[in-house]
Amino acid sequence: ALIFLILGAVILALALVYARISARRLVAPLRHLSEVANQVSTKGDLQVNIPSAGHDEVGWLAQSFDLMLGSLRDAREHLEEQVEQRTVALKRTETRLQAVLDHVEEGILTVDEHGMIESSNLGAETLLGFSAQQMGGRSFVELFENPDAVAYLCDYRRLGRSNVPIQ
């Protein structure tokens with residue numbers, strides 16, 4: 001009976017050692033995946049690589065996570081290219097629009113919702129006697145002594161449109 005007790009204790013000890021080794025094998029790759037996920041989420045680092053973790057469920061998870069990181073890297077690179085292309089296109093459009101506005105004889109001002117002048121054309125510069133740099137960032141009302149101009153701006157801000165023509 002003592003021999004069976006000793007044999008049972010040895011088998012139990014071996015089972016505990018095996019369970020501990022198995023748990024480490026399972027937990028280590030999961031811990032590494034967790035650290036990589038944390039690095040990606042907190043630092044935005046998509047350049048991390050995930051080593052293969054085997055051919056079990058944890059390995060498949062690591063492989064899927066690595067594929068996801070590759071897709072995110074590709075998407076970020078593609079997005080940066082799109083932003084650059086659209087910025088170039090926007091600058092071209094802005095240049096064309098300014099060229100058109102500069103060849104219109106009438107004075108044109110663009111004003112933000114607070115009544116601050118954002119841009120002007122050459123006609124406005126000639127008509128008002130100020131350069132674009134002098135008008136930019138100034139209040140629309142500052143440039144006009146005409147009460148109708150002030151009423152125009154007030155009506156525009158209140159209603160989103162104007163019914164008061166500037167004379």
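User: Exposed means over 50% relative accessible area, buried means under 20%, and partly exposed covers the range in between. In this predicted model, does Leu-67 count as buried or exposed?
Analyst: The model is predicted, and Leu-67 belongs to helix H2, which covers residues 57-102. The relative accessible area of Leu-67 is 58%. Because exposed means over 50%, the class of Leu-67 is exposed.

User: How far apart are the C-alpha atoms of Leu-67 and Asn-49?
Analyst: Leu-67 is a residue of helix H2. Along the chain, 18 residues separate Leu-67 from Asn-49. In space, the distance between their C-alpha atoms is 10.0 Å.

User: In what order do the elements of the protein chain run from the N terminus?
Analyst: The protein chain holds 5 helices and 2 strands. Helix H1 spans residues 2-43, and helix H2 spans residues 57-102. Strand S1 is at 109-111 and strand S2 at 117-120, while helix H3 takes up residues 122-128. Read from the N terminus, the order is α-α-β-β-α-α-α.

User: What percentage of the residues of the protein chain count as buried?
Analyst: A residue is buried if its relative accessible area is under 20%. Ala-124, for instance, counts as buried at 1%. Over the 167 residues of the protein chain, the buried share is 17%.

User: What is the approximate area of the nonpolar surface patch that includes Leu-14?
Analyst: Leu-14 is placed in helix H1 and is exposed, at 56% relative accessible area. Leu-2, Leu-5, Ile-6 and Val-10 make up the patch together with Leu-14. The area of this nonpolar patch is about 520 Å².

User: Which backbone nitrogens does the side chain of Asp-112 reach?
Analyst: Asp-112 is located in the loop between strand S1 and strand S2. With a relative accessibility of 18%, Asp-112 is buried, because the cut-off for buried is under 20%. A polar atom of its side chain is 2.8 Å from one backbone nitrogen, and the side chain reaches another at 2.9 Å. The backbone nitrogens belong to His-114 and Met-116.

User: Is Asn-121 buried or exposed, and which backbone nitrogens does its side chain contact?
Analyst: Asn-121 occupies the loop between S2 and H3. Its relative accessible area is 0%, so Asn-121 is buried. One contact of its side chain has a distance of 2.8 Å, and another has a distance of 2.9 Å. The backbone nitrogens are those of Ile-108 and Ala-124.

User: How far apart in space are Ile-108 and Asn-121, C-alpha to C-alpha?
Analyst: Ile-108 is in the loop between H2 and S1 and is partly exposed at 30% relative accessibility. Its backbone nitrogen is reached by the side chain of Asn-121 at 2.8 Å. The two residues are 13 residues apart in sequence, and their C-alpha to C-alpha distance is 5.6 Å.

User: What separation do the C-alpha atoms of Ala-124 and Met-135 have?
Analyst: Ala-124 is part of helix H3, and its backbone nitrogen lies 2.9 Å from a polar atom of the Asn-121 side chain. Ala-124 and Met-135 are 11 residues apart along the chain. Their C-alpha separation is 9.7 Å.

User: How is Leu-109 classed by accessibility?
Analyst: Leu-109 is a residue of strand S1. Its C-alpha atom is separated by 9.6 Å from that of Ala-132, 23 residues apart along the chain. The relative accessible area of Leu-109 is 21%. Buried requires under 20%, and exposed over 50%, so the class of Leu-109 is partly exposed.

User: Which residue lies over the face of Phe-130?
Analyst: A search of the whole structure for aromatic pairs returns 0. The face of Phe-130 does have a residue over it, at 5.1 Å from the ring centre. That residue is Arg-138.

How values were computed: Residues numbered from 1 in each chain as written. Predicted model: local features only at pLDDT ≥ 70, side-chain atom pairs only at ≥ 80, totals over all residues. Heavy atoms only, no water. Patch = residues over 30% accessible without salt bridge, like charges linked within 9 Å, V, L, I, M, F, W, Y side chains within 5 Å. Areas by Shrake-Rupley, 256 points an atom, 1.4 Å probe, with all protein chains shown as cover. Salt bridge = Lys/Arg side-chain N within 4 Å of Asp/Glu carboxyl O. Helix = DSSP H or I, 4+ residues; strand = E, 2+ residues; numbered from the N terminus. Buried < 20%, exposed > 50% of the residue type's maximum accessible area, 1.4 Å probe, protein only. Phe/Tyr/Trp six-rings, centres within 6.5 Å; stacked < 30°, edge-to-face > 60°. Lys NZ or Arg CZ within 6 Å of the ring centre and 35° of its normal. Polar contact = N/O pair within 3.5 Å; in protein donor to acceptor, adjacent residues only side chain to side chain.
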